[in-house]
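Reader: I have a chain here that I should like to understand before going further. Could you take me through its fold and its interior?

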Amino acid sequence: ATAGLGAPGPSASALGNDQRPAIGEATRPTLPGAEGVRPRELIVAEVEALWSLADPMSRELIALLLSGLTLEECVPLGPEQFALADGLVRIDGEQGREISLAGPVRDLFASCRPLPMWSSSGGSRLSADELAARIGLLAHDAGLAQPEEVTPEALRHTYVAYLVRQGARLTELERVIGPTVPSRLAAYRGLAPAGAAKSLADLDLLYPVLRAAAPA
(Lines give C-alpha, C1' and ligand atoms only; values in the text may rest on other atoms or scores of the structure.)
Protein backbone atom coordinates (compact mmCIF):
# COMPACT_ATOMS: atom_id res chain seq x y z
CA ALA A 1 0.00 0.00 0.00
CA THR A 2 1.07 3.58 -0.61
CA ALA A 3 0.77 6.03 2.25
CA GLY A 4 0.59 9.63 1.11
CA LEU A 5 1.80 12.73 2.86
CA GLY A 6 -1.03 15.04 2.02
CA ALA A 7 -1.57 18.76 1.89
CA PRO A 8 -1.33 20.70 5.14
CA GLY A 9 -4.43 20.42 7.29
CA PRO A 10 -5.36 21.87 10.67
CA SER A 11 -2.84 23.96 12.54
CA ALA A 12 -0.99 22.51 15.51
CA SER A 13 -3.14 24.53 17.90
CA ALA A 14 -6.30 23.29 16.20
CA LEU A 15 -5.14 19.76 16.85
CA GLY A 16 -4.81 20.41 20.56
CA ASN A 17 -1.08 21.11 20.54
CA ASP A 18 -1.70 23.88 23.07
CA GLN A 19 -2.56 21.15 25.57
CA ARG A 20 0.63 19.20 24.98
CA PRO A 21 3.48 19.26 27.50
CA ALA A 22 5.87 22.16 27.87
CA ILE A 23 9.33 21.91 26.35
CA GLY A 24 11.35 19.32 28.17
CA GLU A 25 8.35 17.46 29.56
CA ALA A 26 7.32 14.16 28.03
CA THR A 27 4.25 12.25 26.99
CA ARG A 28 5.07 8.58 27.30
CA PRO A 29 2.29 6.03 26.86
CA THR A 30 3.48 2.59 27.86
CA LEU A 31 4.35 0.61 24.74
CA PRO A 32 3.94 -3.12 25.40
CA GLY A 33 6.35 -5.36 23.56
CA ALA A 34 9.16 -2.82 23.82
CA GLU A 35 10.48 -3.94 27.21
CA GLY A 36 8.71 -1.04 28.88
CA VAL A 37 10.47 1.60 26.77
CA ARG A 38 8.40 4.75 26.59
CA PRO A 39 9.79 7.09 23.92
CA ARG A 40 9.56 10.79 24.50
CA GLU A 41 7.00 12.70 22.47
CA LEU A 42 8.53 15.96 21.34
CA ILE A 43 6.46 19.08 20.96
CA VAL A 44 6.60 21.02 17.71
CA ALA A 45 8.90 23.69 19.19
CA GLU A 46 11.48 21.04 20.08
CA VAL A 47 11.42 19.55 16.59
CA GLU A 48 11.72 23.04 15.12
CA ALA A 49 14.79 23.64 17.29
CA LEU A 50 16.41 20.46 15.99
CA TRP A 51 15.51 21.31 12.39
CA SER A 52 16.89 24.83 12.58
CA LEU A 53 20.35 23.52 13.58
CA ALA A 54 20.39 20.42 11.40
CA ASP A 55 22.79 19.98 8.49
CA PRO A 56 21.38 18.53 5.22
CA MET A 57 22.15 14.92 6.19
CA SER A 58 20.42 15.28 9.56
CA ARG A 59 17.45 16.96 7.91
CA GLU A 60 17.08 14.01 5.58
CA LEU A 61 17.05 11.65 8.52
CA ILE A 62 14.58 13.74 10.50
CA ALA A 63 12.28 14.01 7.48
CA LEU A 64 12.20 10.23 7.05
CA LEU A 65 11.62 9.57 10.76
CA LEU A 66 8.77 12.10 10.67
CA SER A 67 7.34 10.21 7.71
CA GLY A 68 7.03 6.93 9.61
CA LEU A 69 10.31 5.15 8.86
CA THR A 70 12.38 3.53 11.59
CA LEU A 71 16.08 4.22 11.94
CA GLU A 72 16.72 0.63 10.87
CA GLU A 73 14.76 1.26 7.67
CA CYS A 74 16.62 4.50 6.97
CA VAL A 75 20.17 3.12 7.28
CA PRO A 76 20.20 0.82 4.21
CA LEU A 77 18.40 3.25 1.91
CA GLY A 78 20.16 3.94 -1.36
CA PRO A 79 19.42 6.10 -4.41
CA GLU A 80 17.66 3.23 -6.15
CA GLN A 81 14.91 3.25 -3.52
CA PHE A 82 13.93 6.85 -4.19
CA ALA A 83 11.55 7.48 -7.07
CA LEU A 84 11.39 11.24 -6.77
CA ALA A 85 9.54 11.70 -10.05
CA ASP A 86 6.70 9.80 -8.39
CA GLY A 87 7.40 11.23 -4.95
CA LEU A 88 8.05 7.81 -3.44
CA VAL A 89 10.58 6.05 -1.26
CA ARG A 90 10.42 2.26 -1.32
CA ILE A 91 11.14 0.34 1.87
CA ASP A 92 12.54 -3.16 1.42
CA GLY A 93 11.86 -6.08 3.72
CA GLU A 94 9.54 -9.02 4.09
CA GLN A 95 6.56 -6.69 3.95
CA GLY A 96 7.96 -3.88 1.86
CA ARG A 97 5.95 -0.71 1.45
CA GLU A 98 6.04 2.63 -0.28
CA ILE A 99 5.86 5.98 1.44
CA SER A 100 4.71 9.01 -0.51
CA LEU A 101 6.81 12.11 0.06
CA ALA A 102 5.03 15.45 0.17
CA GLY A 103 6.28 18.22 -2.09
CA PRO A 104 8.61 19.92 0.43
CA VAL A 105 10.14 16.60 1.49
CA ARG A 106 10.55 15.44 -2.11
CA ASP A 107 12.26 18.73 -2.95
CA LEU A 108 14.58 18.31 0.04
CA PHE A 109 15.84 14.98 -1.26
CA ALA A 110 15.93 16.20 -4.86
CA SER A 111 18.39 18.90 -3.80
CA CYS A 112 20.82 16.44 -2.18
CA ARG A 113 23.42 14.23 -3.81
CA PRO A 114 24.18 11.46 -3.08
CA LEU A 115 20.72 10.40 -2.12
CA PRO A 116 20.42 9.87 0.78
CA MET A 117 23.56 11.63 1.97
CA TRP A 118 24.63 8.69 4.15
CA SER A 119 24.35 6.34 1.15
CA SER A 120 27.35 4.19 0.25
CA SER A 121 27.48 6.00 -3.08
CA GLY A 122 28.91 8.96 -1.21
CA GLY A 123 31.66 7.04 0.56
CA SER A 124 31.50 5.06 3.77
CA ARG A 125 27.93 4.41 4.81
CA LEU A 126 27.08 5.73 8.26
CA SER A 127 25.88 3.20 10.82
CA ALA A 128 22.66 3.37 12.82
CA ASP A 129 24.65 4.40 15.90
CA GLU A 130 26.35 7.21 13.99
CA LEU A 131 23.07 8.52 12.62
CA ALA A 132 21.43 8.32 16.04
CA ALA A 133 24.36 10.20 17.57
CA ARG A 134 23.76 13.10 15.18
CA ILE A 135 20.25 13.52 16.60
CA GLY A 136 21.58 13.51 20.15
CA LEU A 137 24.18 16.14 19.31
CA LEU A 138 21.53 18.37 17.77
CA ALA A 139 19.38 18.03 20.90
CA HIS A 140 22.35 19.04 23.04
CA ASP A 141 23.25 22.02 20.86
CA ALA A 142 19.62 23.14 20.76
CA GLY A 143 19.53 23.23 24.55
CA LEU A 144 16.64 20.79 24.83
CA ALA A 145 15.87 19.32 28.23
CA GLN A 146 17.04 15.72 28.72
CA PRO A 147 18.80 15.62 25.31
CA GLU A 148 19.65 11.95 25.83
CA GLU A 149 15.93 11.21 25.41
CA VAL A 150 15.83 12.87 21.98
CA THR A 151 16.45 9.86 19.78
CA PRO A 152 15.38 8.62 16.35
CA GLU A 153 12.78 6.46 18.10
CA ALA A 154 11.45 9.53 19.90
CA LEU A 155 11.09 11.41 16.60
CA ARG A 156 9.23 8.54 14.99
CA HIS A 157 7.04 8.16 18.08
CA THR A 158 6.32 11.88 17.86
CA TYR A 159 5.07 11.38 14.31
CA VAL A 160 2.86 8.43 15.24
CA ALA A 161 1.43 10.44 18.14
CA TYR A 162 0.79 13.34 15.74
CA LEU A 163 -1.36 11.08 13.58
CA VAL A 164 -3.18 9.50 16.53
CA ARG A 165 -3.96 12.89 18.07
CA GLN A 166 -5.77 13.75 14.83
CA GLY A 167 -7.92 10.67 15.25
CA ALA A 168 -6.13 8.21 12.97
CA ARG A 169 -7.53 4.71 12.75
CA LEU A 170 -5.06 2.56 14.64
CA THR A 171 -5.83 -0.30 12.25
CA GLU A 172 -4.52 1.80 9.33
CA LEU A 173 -1.31 3.08 10.90
CA GLU A 174 0.72 0.16 9.56
CA ARG A 175 0.25 1.58 6.07
CA VAL A 176 2.54 4.42 7.14
CA ILE A 177 4.72 3.03 9.92
CA GLY A 178 5.03 -0.57 8.74
CA PRO A 179 4.24 -3.84 10.53
CA THR A 180 3.62 -3.25 14.23
CA VAL A 181 2.39 -5.66 16.88
CA PRO A 182 -1.21 -4.85 17.93
CA SER A 183 -0.24 -4.29 21.57
CA ARG A 184 2.06 -1.42 20.55
CA LEU A 185 -0.67 0.16 18.46
CA ALA A 186 -3.19 -0.26 21.28
CA ALA A 187 -0.88 1.68 23.59
CA TYR A 188 -1.66 4.81 21.59
CA ARG A 189 -5.36 4.73 22.38
CA GLY A 190 -4.86 7.14 25.25
CA LEU A 191 -3.73 9.86 22.82
CA ALA A 192 -6.76 9.57 20.54
CA PRO A 193 -9.56 12.16 20.68
CA ALA A 194 -13.11 11.14 21.47
CA GLY A 195 -15.34 9.93 18.66
CA ALA A 196 -14.96 7.68 15.66
CA ALA A 197 -11.48 7.35 14.21
CA LYS A 198 -10.63 8.81 10.80
CA SER A 199 -9.18 7.32 7.65
CA LEU A 200 -5.61 8.30 6.81
CA ALA A 201 -7.04 10.07 3.76
CA ASP A 202 -8.79 12.51 6.09
CA LEU A 203 -5.68 13.43 8.05
CA ASP A 204 -2.84 15.87 7.58
CA LEU A 205 0.03 13.38 7.25
CA LEU A 206 2.68 16.07 6.86
CA TYR A 207 4.29 16.94 10.18
CA PRO A 208 4.24 20.76 10.62
CA VAL A 209 8.02 21.27 10.59
CA LEU A 210 8.28 19.54 7.21
CA ARG A 211 6.05 22.06 5.47
CA ALA A 212 9.12 24.20 5.02
CA ALA A 213 11.53 21.32 4.39
CA ALA A 214 12.57 22.34 0.89
CA PRO A 215 15.83 24.31 0.71
CA ALA A 216 15.47 28.01 0.05
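Author: The following answers concern the fold, the core and one helix. This is a predicted model, in which local features need pLDDT of at least 70, side-chain atom pairs count only at pLDDT 80 or more, and totals for chains, interfaces and linings use all residues. Residues are numbered from 1 along each chain as its sequence is written, and side-chain values use heavy atoms, with hydrogens and water left out.

Reader: How many helices and strands are there in the chain?

Author: The chain has eight helices and four strands, taken as DSSP runs (helices H or I, at least four residues; strands E, at least two) numbered from the N terminus. Their pattern along the sequence is β-α-α-α-β-β-β-α-α-α-α-α.

Reader: Which residues have the most contacts inside the largest nonpolar core?

Author: They are L50, I62, F109, L155, Y207 and L210, in a core of 60 residues. Such a core is a set of buried Ala, Val, Leu, Ile, Met, Phe, Trp, Tyr and Cys residues joined through side-chain atoms within 4.5 Å, where buried means under 20% relative accessible area (1.4 Å probe, protein chains only). The largest share, seven residues, comes from α6.

Reader: And what is Y207 in contact with?

Author: Beyond neighbours within four places in sequence, Y207 is in contact (heavy atoms within 4.5 Å) with L42, I43, V44, V47, L66, T158, Y159 and Y162.

Reader: Turning to α4, which residues are buried there?

Author: V105, L108 and F109 are buried in α4. Seen down the axis of α4, the buried residues fall within an arc of 90° (from the directions to the C-beta atoms), so they line one face of the helix. Their cover includes α1, α2 and β2 (82-83).

Note on methods. Buried means under 20% relative accessible area, exposed over 50%, partly exposed in between (1.4 Å probe, protein chains only).
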